[in-house]
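The exercises below are to be worked through with the sequence and the model open side by side. Each task is followed by a solution that goes step by step.

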Amino acid sequence: GSKCLTLLVEIHPVNNVKVLKAVDSYIWVQFLYPHVESHPLPENHLLLISEEKYIEKFHIQVIQEDGNRVVIKDSGHLPRERVAEEFVWAQWDMSEQRLYYIDLKKSRSILKCIQFSADEKFNLMFEAPLDITLSDSGFKLVNFGCDDLQDPENLSKHLTLCVFTNHTGSLCVCYSPKFDSWEKITYSVFYFHKGHSKTFTAALGSVDSHVTKGLTFLNLDYYVAVYLPGHFFHLLNIQHPDLTCHSLFLTGNSEVVDMLPHSPLQSLSGSLVLDWCSGKLYRALLNQSYLLQFLWNTQLDCEKMAVLHCVLSCGGDPRFLEAKIIQWISENLSACHSFDLIQEFIIASSYWSICPETSNMDKLLPHSSVLIWNTEIPGITLATEEIALPFMKVHSFKGYWEKLNSNLEYVKYSKPHLHYNNSMVRKEWHNLISEEKTGRRRSMVYVRNILDNATKVISNLEARNFEPRLTPLFQEEDHNQRLLIGLMVSELKDHLLRHLQGVEKKKIEQMVLDYVSKLLDLICQILETSWRKHNLHPCVLRFSGRASAAEFTVFYIMTRILEATRSLFLPLPPGFHTLHTILGVHCLPLHNLLHYIDSGVLLLTETAVTRLMKDLDNTEKNERLKFSIIVRLPPLIGQKICRLWDHPMSSNIISRNHVKRLLQNYKKKPPSSMIDKSSFSVEFLPLNYFIEILTDIESSNQALYAFEGHDNVDAKFVEEAALKHTMMLLGL
């Protein structure tokens with residue numbers, strides 16, 4: 001007959017059967033708290049879900065009788081509570097013990113969530129309006145066991161709706177209405193933790209491509225997969241859903257779609273998936289090795305971006321993973337036009353090295369170098385809308401609910417975005433550099449603290465590096481880069497202390513050191529990989545012989561690294577500019593080299609120029625190179641370098657600087673004596689008179705005007721340099 005009995009059967013004693021419900025409708029039951037072991041004797045809590053659109057909770061207590069005999073206590077009267085009523089859709093989350101359901105208020109869909117706790121209580125956690133139509137969809141349950149009401153081969157005739165959460169406090173509602181066209185399919189994802197929804201429309205190809213299978217939504221931790229067997233696979237980034245390029249869309253022509261089961265799938269709690277046809281239960285995971293292979297083969301920039309982030313989110317051995325990605329980047333530097341591969345890898349990899357450890361870091365650290373993406377994704381269009389945030393019904397939060405509430409508070413109050421941007425330190429860094437050039441310096445304690453920050457970062461980096469480096473980095477002071485590293489540490493620490501609540505200061509300081517160390521380490525890894533691949537040796541630092549093809553390649557990669565870091569104003573490992581400049585001198589003809597220097601691509605460090613002056617002889621070609629370099633140096637470095645070059649041109653520059661210093665504060669005085677012609681080697685009155693003035697200044701201000709570190713620079717030296725220079729000009 002049509003009568004449906006719902007029975008609670010006690011195994012011992014035999015035949016003790018309690019009828020919970022006997023109605024002309026379907027009944028589902030679901031036990032609660034499967035892992036609670038706090039009571040000496042088990043207590044069972046049972047949800048009863050009726051097709052009459054209500055849910056009740058039964059409390060079943062057992063007692064011990066006659067020794068070891070355990071029976072139901074007062075089986076004639078089981079305590080019950082009404083949990084929900086007048087709902088049209090419900091979903092059970094077994095792992096988190098949550099019940100989601102939708103009731104209709106004035107034809108408006110309201111999503112509600114009830115959390116069942118181990119202390120036998122349950123609370124309504126939130127209410128959220130949903131802009132979807134459910135009034136004519138009938139009654140639907142999700143994750144309450146196999147549903148015989150639905151023919152799995154005709155799932156396309158029914159709407160699909162499910163709720164996904166993860167440990168970061170995300171709350172996504174995935175919805176697909178009944179299919180009304182064989183040419184396209186529409187589905188929506190409500191990102192409640194971000195405050196907006198996205199409605200996607202995917203083309204299905206020809207009119208003949210009949211859809212008989214339903215749309216499947218799968219929960220994959222940081223991602224939600226949308227899958228229509230034989231047609232498309234859409235991997236949605238729920239942590240950072242703003243840009244379409246961070247999600248992966250593949251059509252039916254892709255190998256990935258062919259690899260997936262073509263039978264209808266049902267997503268269960270967590271990442272469990274039920275195959276309708278075979279009855280097998282799977283755990284769906286992202287295959288990192290296949291994603292790496294896909295990265296090598298894909299041609300579209302949007303797919304490269306999406307897969308790069310997806311691979312990094314999978315975790316695993318970071319060193320192995322980074323080595324594989326760097327290898328791919330080295331081979332594809334020029335194959336990506338929409339974004340900078342090196343830039344994106346450095347930012348994304350640094351982000352994933354820190355963010356999983358601490359809540360809310362995803363809101364404070366940049367996860368991508370790309371802020372705007374206007375390029376269309378082939379095969380799909382989307383529309384974005386702001387949505388009303390869930391209204392939290394409780395005031396005390398723990399675990400997941402604390403993180404969700406934090407996400408909602410961020411959406412409410414934190415605009416513009418709080419992501420750290422290293423351009424914050426640009427002005428301060430330039431100020432420090434200019435102050436040092438002009439001799440004005442602020443508090444020595446302030447500068448010392450900044451340099452101490454840099455020292456901590458480099459020590460932290462070296463402590464994690466277990467293999468000896470081939471690249472000659474970190475072998476010089478590189479004061480400017482150390483200032484930039486230290487300033488970044490200081491600014492990032494202040495940023496996190498302002499916005500990261502409830503985290504100890506020491507932990508934040510260590511996270512900052514780890515983050516900045518990671519940035520530098522990734523740059524070192526890219527360079528180290530290139531260095532090893534091309535078998536370069538430290539002897540490349542000597543200015544001898546012609547540059548090899550390997551040196552050209554490494555120089556090009558270093559230039560790309562410089563471009564990537566410069567636009568984001570990121571620090572470089574100390575010694576980078578010296579190595580880059582030396583390779584530039586090796587690889588570039590003089591006019592190109594000077595163009596690179598003048599445009600700021602190559603920076604002339606004291607270490608690089610010193611080596612150049614010492615290693616190169618004074619051939620005509622090398623003299624032209626040396627002079628071109630010297631005239632482009634800052635004055636303080638230029639004076640030091642000139643002393644290393646034994647050449648009339650160097651003497652001329654030294655003399656000019658010496659004269660400039662002597663005459664800066666010169667005031668004309670009456671001559672102390674008549675000019676003694678016998679003391680001059682040349683009878684040239686203007687020069688003789690000038691040298692007498694210099695000699696007079698030197699004798700009266702000897703201590704003040706002594707040329708530091710070069711005692712033999714005096715009026716006599718200036719006279720000889722002037723004569724030599726004149727003779728050169730006259731061609732004598």
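**Exercise 1: a helix pair**

In this predicted model, Arg319, Glu322, Ala323, Ile326 and Glu331 of H4 are in contact with Lys518, Asp521, Leu522, Gln525, Ile526, Thr529 and Lys533 of H11. Determine the make-up of the contact of H4 with H11, and describe how H4 and H11 are oriented to each other.

*Solution.* Begin with the residues of this contact, which sort into 4 nonpolar, 2 polar and 6 charged. Next, turn to the geometry: two packed helices are described by the angle between their axes and by the distance between those axes. For helix H4, residues 318–331, and helix H11, residues 505–533, the angle is about 60 degrees and the axes lie 10 Å apart. An angle of 65 to 115 degrees would count as roughly perpendicular, and H4 and H11 are therefore classed as oblique to each other. Finally, the crossing in which H4 passes H11 is right-handed.

**Exercise 2: cysteines without partners**

Establish how many disulfides the model contains, and explain why Cys302 is not bonded to Cys245.

*Solution.* A disulfide requires two cysteine sulfur atoms within 2.5 Å, and by this criterion the count is 0 disulfides. For Cys302, the closest cysteine sulfur belongs to Cys245 and is 8.1 Å away, so the pair is too far apart for a bond. Cys336 is likewise in no disulfide, the nearest cysteine sulfur being that of Cys302 at 9.9 Å.

As a last step, consider accessibility, where a residue under 20% counts as buried. Cys302 is buried because its relative accessibility is 9%, and Cys336, with a relative accessible area of 9%, is buried too.

How values were computed
Residues numbered from 1 in each chain as written. Predicted model: local features only at pLDDT ≥ 70, side-chain atom pairs only at ≥ 80, totals over all residues. Heavy atoms only, no water. Buried < 20%, exposed > 50% of the residue type's maximum accessible area, 1.4 Å probe, protein only. Axes fitted to C-alpha atoms, helices over the stretch in contact; angles between N-to-C directions. Helix = DSSP H or I, 4+ residues; strand = E, 2+ residues; numbered from the N terminus. Parallel < 35°, antiparallel > 145°, perpendicular 65-115°, else oblique. Left-handed = near helix turned anticlockwise from the far one by under 90°. Contact = heavy atoms within 4.5 Å. Nonpolar A, V, L, I, M, F, W, Y, C, P; charged D, E, K, R; others polar.
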